[in-house]
Structures are given as structure tokens and as C-alpha cells.
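Biologist: I am new to this structure and would like to start small. Please pick a single buried charged residue, take a close look at it, and then work outwards to its surroundings.

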Amino acid sequence: MDEAFQLAWQRWPEVAQDQDPAGWVRAVAHECALSPWHRLVPRNRAPDPPPDPADRALQQALLDLPPSHRRTLVLHDGVGLDLPETAAETGASTPAAANRLMHARETVAARLPELADPAELHRRLVRLGAAERLGTAGSAAVRTSGERRTRFWARSAVAFVVTVVGATALTLRTVPPHPPLPVSPERVVREVPSRGASGSLPPGASAPRAEPQEPQDGPERPAPRAG
């Protein structure tokens, strides 16, 4: 339960704009209670059995219900929400919530006939909830813890950004720049042919003839024969 109030304090701008802040806290508390990480804590693995045998029987009957039916029954008959609010908080339609509530009441009444009256069931659920010791901290302690956690995450984010910026600046200062590409030294090229060498031939000169190439070795061509 403390985690739900701490999250509500950290996200108060979002929670304050919600139509039902109390429902937001209840939904987060339900998710935290069903989280596998939350169940790793020894004190959260199973609820303590109440001292009254009648309350223990009611607790066992609630634990045997399907999770959706148990949540609907507790919110409607225990917390006192009306049917549309119960349907909205459980993420179901109003007819579906009514059907779950009816089946949950029938199941509990079959095991505990004295709880067939919804008024008596409400009274017993309230007594069962009051007998459960959740060990929640006070509002001042929750607020202080939430403020401390918010400051921690804010400082962590600032430290991370400063570390990244510092590492980038240090890299830019320590890494040498790329050296310039080497330039070939200048040298004089000799025996360059004159322009006339690539032009027309002087008068009286003949172009060299290409020597005939010898035929390559291979099969002879068949000569045509006279008919």
C-alpha cells in the first residue's frame, strides 16, 4: 500500500487530473499486490490468518474465488463502491461486473450461509479488513519518502547527463585530429614527347605497316570440292 501512495505522490500532476484519484491509488495498490516482485518479500507472501475462526473461514472463502470475482466482491460489498464504479475500476462492463458479483455472493453464501444477506456480508468484510494489519506508514512518512525518492531520481538524471557531456568533451580534447593527407614531392619529368609527335607525319615519311601475323595452330578449314 505504501508503494501506491508513493507513486501517487511522485506522479501527483497526473493523479490530480484523474477523475478518481482514490481509484487510481487502489488500482496501483492492486497491481503492486499481484506483482511477483512484491511476493518475494516474506511478509507479503500470504496474509496473516485473523484470530476469529469466522473471519478465517471468510478469508479462505475469498481466497478460493477467482481473482476477478474476489476483487469485484471486495470493492462493491467491502469498500462500498457502486456497480458502475466497480465495473470501471475492474476494467469490465457494468453487466459483467454485476454477473461477477452475483456469482461471488452465491459462492460465499454456499460455504457460509449466514453471509447470504448482503448487509451482513458487508459488515463482515469491513471487520475482516480492519483486523488485517497492513503495517502502512503515516501520511507524513509516505510524503517524506516520496519526496526523497523524487530528489534521488532527479539528481541521478542530472548526474547521468553531466557524465555523458563530460565524457564527450574529454574525448574531443584528448583525441588528436586527423593528420593531413601526405602530398607527393614535386619532381621534373623528362623526355616528354613534343606536340608534333602526336600530329601528322612529315612529308616523305610513310606509316609503318603492321606485320602479318602467323596463323594460329588449329584444324584446317575444309575446302569445297568440285561436283
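**A close look at aspartate 77**

Modeller: Let's start with aspartate 77, which counts as buried at 4% relative accessibility. Buried here means under 20% relative accessible area, exposed means over 50%, and partly exposed is in between (1.4 Å probe, protein chains only). Before going on, please keep in mind that this is a predicted model, in which local features need pLDDT of at least 70 and side-chain atom pairs count only at pLDDT 80 or more, while totals for chains, interfaces and linings use all residues. Residues are numbered from 1 along each chain as its sequence is written, and side-chain values use heavy atoms, with hydrogens and water left out.

You will find aspartate 77 in helix H6; helices (H or I, at least four residues) and strands (E, at least two) are DSSP runs, numbered from the N terminus. Leaving aside residues up to four places away in sequence, aspartate 77 touches Leu101, Arg105, Leu121, His122 and Leu125, where a contact means heavy atoms within 4.5 Å.

One of these neighbours deserves a second look. The side chains of aspartate 77 and arginine 105 form a salt bridge, with 2.8 Å from N to O; the term covers a side-chain nitrogen of Lys or Arg within 4 Å of a carboxyl oxygen of Asp or Glu. Aspartate 77 lies in helix H6 (residues 67–79) and arginine 105 in helix H8 (residues 94–111), so this pair ties together parts that are 28 residues apart in sequence. Aspartate 77 is the buried partner, whereas arginine 105 counts as partly exposed, at 26% relative accessibility. As a general point, side chains of opposite charge can pair when their charged atoms come close.

How many salt bridges does a search of the whole structure find? There are five. Another of them joins arginine 127 to aspartate 55, whose closest N and O atoms are 2.8 Å apart. This pair links distant parts of the chain, with arginine 127 in helix H9 (residues 118–131) and aspartate 55 in helix H5, 72 residues apart. Here too a buried acid meets a partly exposed base: aspartate 55 has a relative accessible area of 5% and is buried, while arginine 127, at 32% relative accessibility, is partly exposed.

Helix H5 (residues 53–63) has Asp55, Leu58, Gln59, Ala61 and Leu62 as buried residues. Viewed down the axis of H5, these buried residues fall within an arc of 160 degrees, so they line one face of the helix. The arc is that of the directions from the helix axis to the C-beta atoms.

Back in helix H9, glutamate 120 and arginine 123 form a salt bridge between their side chains (2.5 Å, N to O). Both residues lie in H9, three residues apart, which is about one turn of the helix. An α-helix has 3.6 residues a turn, so residues three or four places apart point the same way. Glutamate 120 counts as partly exposed at 23% relative accessibility, and arginine 123 is partly exposed at 43%. Salt bridges that share partners also join Asp55, Arg124 and Arg127 into one network.

Two residues of helix H7 make a useful further stop. Threonine 86 sits in H7 (residues 83–90) and counts as buried, at 0% relative accessibility. Threonine 86 touches Thr72, Leu75, His76 and Leu81, not counting residues up to four places away in sequence. With threonine 72, threonine 86 is 14 residues apart in sequence and 6.5 Å apart in space, C-alpha to C-alpha. Glutamate 89 also belongs to H7, and its relative accessible area of 14% makes it buried. With residues up to four places away again left out, the contacts of glutamate 89 include Asp20, Arg26, Arg71 and Leu75.

Finally, step back to the whole protein. Its secondary structure comes to ten helices and zero strands. Buried residues make up 20% of the 227 residues. Of the contacts between residues at least 6 apart in sequence, 57% join residues at least 24 apart. That completes the walk from aspartate 77, in helix H6, out to the protein as a whole.
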